[in-house]
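Me: I've got a model open and want to talk through a few bits of it. Can you take my questions one at a time?

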Amino acid sequence: MATAAPSAASRIAVVTGASSGIGAATARQLAAAGYRVVLTARRKDRIEALAEELTAAGHSATAYQLDVTDRAAVDEFATAFKTIGVLVNNAGGALGADPVATGDPADWRTMYETNVIGTLNLTQALLPKLVASGDGTVVVVSSTAGHGTYEGGGGYVAAKHGTHVLAETLRLEIVGQPVRVIEVAPGMVRTDEFALTRFGGDQDKAAKVYEGVAEPLTAEDVADTISWAVTRPSHVNVDLLVLRPRAQASNSKVHREP
């Protein structure tokens, strides 16, 4: 089936967490698909460089520094738009891999604020703009951690279960409105920063996550999936799309080469 080109009323796509990894790759894919992308993240230099890259390639891109957990800043950001076509809630991340018994409550709180409340903030602020477009799409980038548990993942798993439930509930509540709700749940993805951030910059611990796995997913793999789901015809809603590398059968079952 041919890719559906964005209509004039719905051609703006806001991508959160666009400074690196899945967010940056998604912005590139949606720009190539014909969307005017609005890049948001806390790291202003990163998103400005990406906006310049996309503009130089002939696309339309704007950078906007934003902390998704700052509701006042999010509400101010939303005033810039009458309508938007796509919101990609990608900002999030993991901190630590301690068991529940010794996990840092501050890390749990940060993960919940970023993954769940950040998604809630952007969705609430921009939902009227998505409805006004007549053809809106909300994408929630969750994780396979939102659909199963694993040892050492309690805080992140709890947060991603929250994003999953948010997407599922929103879809029920706005049925009949011209807005789709898509959840994309990636498994093992190797990016420059995810595992490194999770382990406080410890290169050895970050490397062990992918040890023996020849081909984890890449940010581009996930972005390609997001772009595909977004560009389906308007009547087609991809409720939930789980993707993993072939070597990963579940959150805790991974084939590793010796």
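Me: Let's start with E220: which helix is its place in?
Reply: Keep in mind that this is a predicted model. The element in question spans residues 219-230, and E220 sits within that range. So the place of E220 is helix 8.

Me: Does E220 count as buried, partly exposed or exposed?
Reply: Buried needs under 20% relative accessible area and exposed needs over 50%. E220 has 46% relative accessibility, so the label in between applies. That makes E220 partly exposed.

Me: Which residues form the negative surface patch?
Reply: E220, the helix 8 residue we just placed, is one of the members. Patch residues need over 30% relative accessible area, and E220 is at 46%. The full set is E215, E220, D221 and D224.

Me: On to the strands. How many of the residues of strand 5 are buried?
Reply: Strand 5 covers residues 136-141. One side carries G136, V138 and V140, the other T137, V139 and V141, and both faces are covered. Strand 5 is largely enclosed by the rest of the structure because the buried count is 6 of the 6.

Me: Which residue of strand 5 does N89 stand opposite?
Reply: Strand 4 (residues 86-89) runs parallel to strand 5, with 4 bridges joining them. N89 falls in the range of strand 4, and its opposite number in strand 5 is V140.

Me: And strand 1: what is the bridge partner of V14 in strand 2?
Reply: Strand 1 (residues 12-15) has both faces covered, with I12 and V14 on one side and A13 and V15 on the other. Strand 1 pairs with strand 2 (residues 36-41) in the parallel sense over 4 bridges. In strand 2, V14 is partnered by V38.

Me: Which residues make up the uncovered face of strand 7?
Reply: Strand 7 takes in residues 240-243, and strand 6 (residues 179-186) runs parallel to it, joined by 4 bridges. E183 has L240 as its bridge partner there. L241 and L243 make up the covered face, while the uncovered one is L240 and V242.

Me: Last one, on G155: how far apart in space are G155 and G212?
Reply: G155 lies in helix 5 (residues 154-173). At 8% relative accessibility, G155 counts as buried. The two glycines are 57 residues apart in sequence, and C-alpha to C-alpha the separation in space is 26 Å.

Methods. Residues are numbered from 1 along each chain as its sequence is written. This is a predicted model: local features need pLDDT of at least 70, side-chain atom pairs count only at pLDDT 80 or more; totals for chains, interfaces and linings use all residues. Side-chain values use heavy atoms; hydrogens and water are left out. Patches are made of residues with over 30% relative accessible area and no salt bridge: like charges are joined within 9 Å, nonpolar side chains (Val, Leu, Ile, Met, Phe, Trp, Tyr) within 5 Å. Accessible areas come from the Shrake-Rupley method with a 1.4 Å probe; for residues, only the protein chains shown count as cover. A salt bridge is a side-chain nitrogen of Lys or Arg within 4 Å of a carboxyl oxygen of Asp or Glu. Lys and Arg count as positive and Asp and Glu as negative; His and the chain ends are not counted. The place of a charge is taken as NZ of Lys, CZ of Arg, CG of Asp or CD of Glu. Helices (H or I, at least four residues) and strands (E, at least two) are DSSP runs, numbered from the N terminus. Buried means under 20% relative accessible area, exposed over 50%, partly exposed in between (1.4 Å probe, protein chains only). Two strands pair if DSSP finds at least two bridges between them.
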